[in-house]
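This report describes one buried side chain, one helix packing and the strand pairings of a single model. The sequence and structure come first.

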Amino acid sequence: MENNNKPENTKPGPAQEDSGCSNGDSSSKRTQGDFSDPVYKEISLANGTINRMNKDELRAKCAELKLDTRGVKDVLNKRLKNYYKKQKLKQSAAAGGPGDTYYDYICVVDFEATCEENNPSDFLHEIIEFPMVLIDTHSLEIVDSFQEYVKPELNPQLSDFCIQLTGITQEMVNEAESFPRVIRRVVAWLQEKELGTKYKYALLTDGSWDMSKFLYTQCRISQLRFPQFAKKWINIRKSYGNYYKVARGQTKLNCMLTNLGMEYEGRPHCGLDDSRNIARIAIRMLKDGCQLRVNEHLHGGELQSVPISAPLEGAPPPQRPKTRN
């Protein structure tokens, strides 16, 4: 759910602290001395040439190299720089190389929740749609998805505004299971994929509110402990803004799609369709050389940024959340 119930996090850290992705190569693992290699001078010269190109020249060069020609100037600029960086590092036989990712899978989550046209300050949002879209970071494809509706307990009757916004009808939630039952099936679905055991994975959201507000509130309503596997995630808005160097106002879902030369597919505010479109953005960013990594976490119920210097680690194996005492 975008914007209506999810204002952007108002507690960002310094840009270096919450960037969520590197410049698209493995250089962050090297010491400063490693940059004395002549290859980095060649990369710098190539970057200077790219910076002097206008949008038409950038697009023409992308076409010549058989790269994607969609997107605004900053996106095309970053795409070309990443291409040349890859080529130069390969030629110099540098270890690793750009475009590598730590995670085998990225799981996109975008909840829909109960809402009013003008939510009171004490309104408790209940999750009414639980979607997940699974990205294979090696094939750069969406490989599976999960979706279930959830029956709200505190406000079982959906508002007309909520129905119109999300497309979720009263009948859909009346026939749905309670949140504790749904999250058990979510965990079983993740376990079937062997995430956290055989494969490294991370959750990814559009903004901070899905985990820090919606899931946190829902777990308290359902008297469940917050699941360990959901305590850290990739906030794609932060990753996108820092990688393409755009203002926060340009990191809303439709803005990100437009800037990348894509259009929204499906119905806005359908949780599954939103998740698929967010996944398309994540895949495009991976192709452009962004190394998506966890950049936010929940600690003691408080939202915090994950420093870029923090060691990379995948989410733990998913387990059913325990009942609160």
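Met285 has a relative accessibility of 0% in this predicted model, and because buried means under 20%, Met285 counts as buried. Met285 is found in helix 10, which covers residues 271-287. Leaving aside residues up to four places away in sequence, Met285 touches Ile236, Ser239, Tyr240, Tyr243, Tyr244, Cys290 and Leu292. Between Met285 and Leu260 there are 9.1 Å in space, C-alpha to C-alpha, and the two are 25 residues apart in sequence.

Helix 8 (residues 236-244) packs with helix 3 (residues 73-91). The angle is about 75° and the axes are 10 Å apart. Helix 3 is therefore roughly perpendicular to helix 8. In this contact, helix 8 contributes Tyr240, Tyr243 and Tyr244, and helix 3 contributes Asp74, Val75, Lys78 and Asn82. By class, the residues of the contact of helix 3 with helix 8 are four nonpolar, one polar and two charged. Tyr240, Tyr243 and Tyr244, which meet helix 3, are also among the residues that Met285 touches.

The strands are taken next. Strand 5 (residues 201-205) is largely enclosed by the rest of the structure, because five of its five residues are buried. Both of its faces are covered: Tyr201, Leu203 and Thr205 are buried on one side, and Ala202 and Leu204 on the other.

The table gives the strand pairings, each with one residue pair.

| Strands | Sense | Bridges | Residue pair |
|---|---|---|---|
| Strand 1 (residues 105-109) and strand 5 | parallel | four bridges | Val108 and Leu204 |
| Strand 5 and strand 6 (residues 232-235) | parallel | three bridges | Thr205 and Asn235 |
| Strand 6 and strand 7 (residues 296-299) | antiparallel | two bridges | Lys232 and His297 |
| Strand 7 and strand 8 (residues 302-305) | antiparallel | four bridges | Leu298 and Leu303 |

Strand 5 thus appears in two of the rows, paired with strand 1 and with strand 6. From strand 5 to strand 6 the chain crosses through helix 7 (residues 209-221), and this β-α-β crossover is right-handed. Strand 6 also pairs with strand 7, in the antiparallel sense.

Strand 7 and strand 8 form a hairpin with two residues between the strands. In this hairpin, Gly300 takes a positive phi near 60°.

Conventions:
Residues are numbered from 1 along each chain as its sequence is written. This is a predicted model: local features need pLDDT of at least 70, side-chain atom pairs count only at pLDDT 80 or more; totals for chains, interfaces and linings use all residues. Side-chain values use heavy atoms; hydrogens and water are left out. Buried means under 20% relative accessible area, exposed over 50%, partly exposed in between (1.4 Å probe, protein chains only). Contact means heavy atoms within 4.5 Å. Axes are lines fitted to C-alpha atoms, for helices over the stretch in contact, and angles run from 0 to 180 degrees between N-to-C directions. Angles under 35 degrees count as roughly parallel, over 145 as roughly antiparallel, 65 to 115 as roughly perpendicular and the rest as oblique. Ala, Val, Leu, Ile, Met, Phe, Trp, Tyr, Cys and Pro count as nonpolar, Asp, Glu, Lys and Arg as charged, and the others, Gly among them, as polar. Two strands pair if DSSP finds at least two bridges between them. A crossover is right-handed if, with the strands pointing away from the viewer, the path from the first strand over the helix to the second runs clockwise.
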